[in-house]
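User: Please take a close look at the surroundings of the ligand in this structure. I am new to it, so explain the terms as you go, and add the charged pairs afterwards.

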Amino acid sequence: MTIPFTPWPAAFAERYRAKGYWTGDPLTDVIDRHQGVAAEATAILCGERRLRYADLQTLSLRLAAAFRAQGLRPGDTALVRLPNRAEFYLVFFALLRCGVVPVNALNSHGVYELTAYARQIEPALVVLSAADSSLVALMAQTVGAERLLLLGAPSDDGIGGFAWADGDALGEDAAGPDPVADPSGVAFFQLSGGSTGTPKLIPRTHDDYLYSVRRSVEICGLDGSCRFLCALPAPHNFTLSSPGALGVFHAGGTVVMAGDPSPATCFPLIARHRVTWAALVPPMLSVWLEAAGGGGDLSSLEVVQVGGAKLSPAIAERVPERLGCRLQQVFGMAEGLVNYTRLDDDPWTVVNTQGRPMSPDDEIRILDAAGHPVPPGAVGELWTRGPYTFRGYYKADAHNARVFDAEGFYCSGDLVSLAPGGNLVVCGRNKDQINRGGEKIDAQEVEDLLAAHPAVSHAAVVAMPDALMGERSCAFVIATPSTKPSELRRFLRGQGLADFKLPDRFVFVSDLPKTAVGKVDKQTLRERAKHQSPLSPPGRGLG
Ligand code: OOB
């Protein structure tokens, strides 16, 4: 069985192969290419544990054998939600070895998101942290304990921390791994930020993803001396592949796992392990810049990458002086296209632009509302296609028809302009989404859940500007008079919605403004939201 997906047309696939982008190698190649002496190098530092490439290979093979012994077969799917620990990669590579296609949910996702993903992929396996007991209990009801693998406390033996939820020990199928059937097929699903009410899944193939990893490594000049701090959620496209942990593995470097991106957690890790690279979202960069004067040896840092949301030039400018390293801006999307400022770009470009596409075969169009190219320098909507940009969301024909044109260009929903040198500047967004410090909130998803509350008749969620986060979320709600924000928050939490999606601010109104065609006028609401003072909830964006 294989996972259905929209393939690239044959002529494109041929071209991408002929140019050497698609090599036909499986994604596990990023670890398996290190053999002999190279396999002795440190791949992961996680707490007090050190995993060499040899360990990563052996342990992921053993876990794959356990999956096969449990009856998992190529074309099955898995739903994984793990914290930033070495085991995240063990599970990922083990599943790839079995041809089992995972959705790697964020650790901040709740039972609502997990159930929505499970509904789409009907997983044969769910992997959770044993510590998340209420989530474990709920998912055991949904998928059955025999399909639930739990990660407990770290163990020296690497996979000893795993156990089946029904109490069975991990078995081992001695047959050895099947070779990956077809590297042009789906390796795993990435997660879309979403703007349609249902979380969408992005099929990524071995060929396309491995190319994006290799090309990122090339652009960033990574080699075996790289020590990368994985502080944002490990499954996110930025941390996984831009160049992220997979890029660092490919280059033979070391990934240092951090439980969260705060200076309190990260600065000691940077000093202890002589970290050279880190990837951050803008709010975290601001917090790092503030904390940098207060002690902690950051002298090993060479590059800090910032992406996921717009970085203001005023903050970008402070990086070299405060952190003593270079800045790289990264404007990417889980759907594919990733833009980088280059390490040898002039300071103006690095501070003021979000970089340019990584592949010579990334095709970019900046179009006005009528679908015509805008004049150079003007703002338009970014459309793209290329060797690592997907051709369709999973099982979403109607939505795909709206966001792809007849030539296979994908509409990112981002408003950009073209700066000198082919660099892009992100100017805004044309999608019903809030970008809360890099964490994407699908407005409709939250609106639908709010509308399910008996006291609520209508809700509209929009972004409101915020000095630290860039944006926070504001819900305009028509509800019965005594309704309280705390009650609505509790209600959303009760549905298992991720915390970062809970509106930062509720505004109760008697009516919502409408456009000429009768839709809620979000532009007017955004203007109104600008004048609301935000509460200050916890959390500082992605992570
Ligand atoms: C990354 O991926 P996603 O899928 O979480 O979000 C993609 C969206 C983009 O369409 C854009 O709206 C926004 O996030 N975005 C940025 C940005 N990077 C992403 N907006 C302004 N400036 C930036 N530098 O966020 C992602 C994936 C790979 C690498 C980096 C980020």
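Analyst: The ligand site comes first, then the salt bridges.

This is a predicted model, in which local features need pLDDT of at least 70, side-chain atom pairs count only at pLDDT 80 or more, and totals for chains, interfaces and linings use all residues. Residues are numbered from 1 along each chain as its sequence is written, and side-chain values use heavy atoms, with hydrogens and water left out.

The ligand is surrounded by 19 residues, where a residue counts as near if one of its heavy atoms lies within 4 Å of the molecule. The closest are H236, V330, A334, D414 and K440. By class, the shell holds seven nonpolar, eight polar and four charged residues. Here Ala, Val, Leu, Ile, Met, Phe, Trp, Tyr, Cys and Pro are nonpolar, Asp, Glu, Lys and Arg are charged, and the others, Gly among them, are polar.

Two elements, α8 (237–241) and β14 (326–333), each give at least two residues to this shell. The largest share, four residues, comes from β14. Helices (H or I, at least four residues) and strands (E, at least two) are DSSP runs, numbered from the N terminus.

Polar contacts, meaning pairs of N or O atoms within 3.5 Å, also involve the ligand. One of its oxygen atoms is 2.9 Å from a polar backbone atom of A334. A ligand nitrogen is 3.4 Å from a polar backbone atom of A309. For K440, an N or O atom of the side chain is 2.9 Å from a ligand oxygen. The protein covers 96% of the 590 Å² of accessible area that the ligand has on its own, by the Shrake-Rupley method with a 1.4 Å probe.

Now the charged pairs. Side chains of opposite charge can pair when their charged atoms come close. A salt bridge is a side-chain nitrogen of Lys or Arg within 4 Å of a carboxyl oxygen of Asp or Glu, and the count comes to 29.

K522 and E447 form one of them, at 2.4 Å from N to O. K522 lies in helix α18 (residues 522–529) and E447 in helix α16 (residues 443–451), so the pair ties together parts that are 75 residues apart in sequence. Both K522 and E447 are buried, that is, under 20% relative accessible area, with exposed meaning over 50% and partly exposed in between (1.4 Å probe, protein chains only). Elsewhere, salt bridges that share partners join R15, K19, D361, E363 and R385 into one network.

Note on methods: Polar contact = N/O pair within 3.5 Å; in protein donor to acceptor, adjacent residues only side chain to side chain.
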